[in-house]
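Me: I have a chain open here and want to go through it piece by piece. Can you start with the terms and then take my questions?

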Amino acid sequence: MFRLLTLFLCLSAAALVGCGGSDNASDSDGCGCEAGCGCDDGCGCDDGCGDDDDDGKRAYTAAAGTATIKGVVNWSGKAPRRVAIKMGGDKFCSTAHDDTILSESWSITDNKLQNVFVQVKSGLKGWTFEKPKDKKVLDQTGCMYDPHVLGIQTGQDLTIRNSDPTMHNIHAIVFDTKKNAFNFAQTKQGQENTRSFRRPGRYYVKCDVHGWMSCHIIVTRNPFHDVSAADGSFTLAKLPPGEYEISAWHEKAGTKTQTVKVGAGETKEIVFTFSR
Ligand SMILES: [Cu+2]
């Protein structure tokens, strides 16, 4: 109990002085980030949201997006064993599931690989993209993150929710620099907080209360990204016609890329295959 109280006080203090102090990205967050900007790189928020020279670029509208790239992520060979998660040390978590919960780091069914982040990596230089109006949601439910891999656009609001009657903390770390993006606690069931990210990149998220809880957030400059489903499928819809480098990233299996040319009104199907 004392340990839990100490952790809570530490997290509260961190939230007050650190980058995670804001409950909403539209407020100042103590790091000099402008309204609507996320504090994604520690306290080094410095220059507002603008990061590109937009001169000569076209503003993307849905009318321009008539092309589709879709496909599937295959797994070749014997599937790595999924590890059972032991949710000990927390009264709620340890009784939250009737079934055994397996780690989501490897999720392979019938040689299809789930939780692969697929995105347009290059080929969109001529376009600018508005911040999407819809919000993304990262839930904590049954002492797991849902989803395990989440894609979001720069500036887009992320609602972080605690659906559990136990305390979680959301500790997001910039993968490349290992700096804290934000770190705050959610003590109550139903609590929601909003964050956004200013810079594209990969973020690792963990709960410091429950060591098994982790997920990945990938921030992109454009809306063309998807996470492979249980059947390995993904879709990048409403693309302008063009030639694109498409990347597929998996937390254990690594990254693969391929170049695809797609015309107006056309749908191209591609396949990524990972193995050990
Ligand atoms: Cu937790």
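Reply: Terms for the hairpin come first: helices (H or I, at least four residues) and strands (E, at least two) are DSSP runs, numbered from the N terminus. Two strands pair if DSSP finds at least two bridges between them. With that, strand 18 and strand 19 form a hairpin with 3 residues between them.

Me: What kind of model is this, and how are residues numbered?

Reply: This is a predicted model, where local features need pLDDT of at least 70, side-chain atom pairs count only at pLDDT 80 or more, and totals for chains, interfaces and linings use all residues. Residues are numbered from 1 along each chain as its sequence is written.

Me: What is the mean pLDDT of the protein chain?

Reply: The mean is 85, and 80% of the residues reach 70 or more; pLDDT is the predictor's confidence in each residue, from 0 to 100. Over residues 1–52 the pLDDT is below 50. Where pLDDT is low, the predicted coordinates should not be read in detail.

Me: How many helices and strands are in the protein chain?

Reply: The protein chain has 2 helices and 20 strands.

Me: Back to that hairpin. How many bridges join strand 18 to strand 19?

Reply: 9 bridges join strand 18 to strand 19 (residues 254–262), and the two run antiparallel. A248 stands opposite K256 in strand 19. Strand 18 (residues 242–250) is also joined to strand 5 (residues 117–122), antiparallel, by 5 bridges. There V120 stands opposite I246.

Me: Now the open sheets. What is the order of the one with 5 strands?

Reply: The order is 9-15-14-11-12, with mixed pairing. Strand 9 (149–153) and strand 12 (180–186) are the edge strands, each pairing on one side only. The twist averages 20° from one strand to the next, with axes being lines fitted to C-alpha atoms, for helices over the stretch in contact, and angles running from 0 to 180 degrees between N-to-C directions. Inside that sheet, strand 14 (residues 201–206) and strand 15 (residues 214–220) pair antiparallel over 6 bridges, and Y203 stands opposite I217.

Me: And which strands stand at the edges of the sheet 8-7-10-13?

Reply: That open sheet has 4 strands and mixed pairing. Strand 8 (144–146) and strand 13 (192–195) stand at its edges with a single partner strand each, so one side of each has no neighbour in the sheet. Strand 10 (residues 158–162) pairs with strand 13 in the antiparallel sense over 4 bridges, where T159 has T194 as its bridge partner.

Me: Different topic. How many residues are in the largest nonpolar core?

Reply: It has 47 residues, and those with the most contacts inside it are V116, V118, A172, V205 and I217. A nonpolar core is a set of buried Ala, Val, Leu, Ile, Met, Phe, Trp, Tyr and Cys residues joined through C-beta atoms within 7 Å. A residue is buried if 20 or more other C-beta atoms lie within 10 Å of its own, exposed if 12 or fewer, and partly exposed in between, with C-beta atoms placed from the backbone.

Me: Any odd backbone? Which residues have a positive phi, and where is the cis peptide bond?

Reply: N115 has phi near 65° and K238 near 60°. N115 is buried, with 24 other C-beta atoms within 10 Å, whereas K238 is partly exposed, with 16. The cis peptide bond joins D146 and P147, with omega about 5°. P147 lies in the loop between strand 8 and strand 9.

Definitions and conventions:
Contact = placed C-beta atoms within 7 Å.
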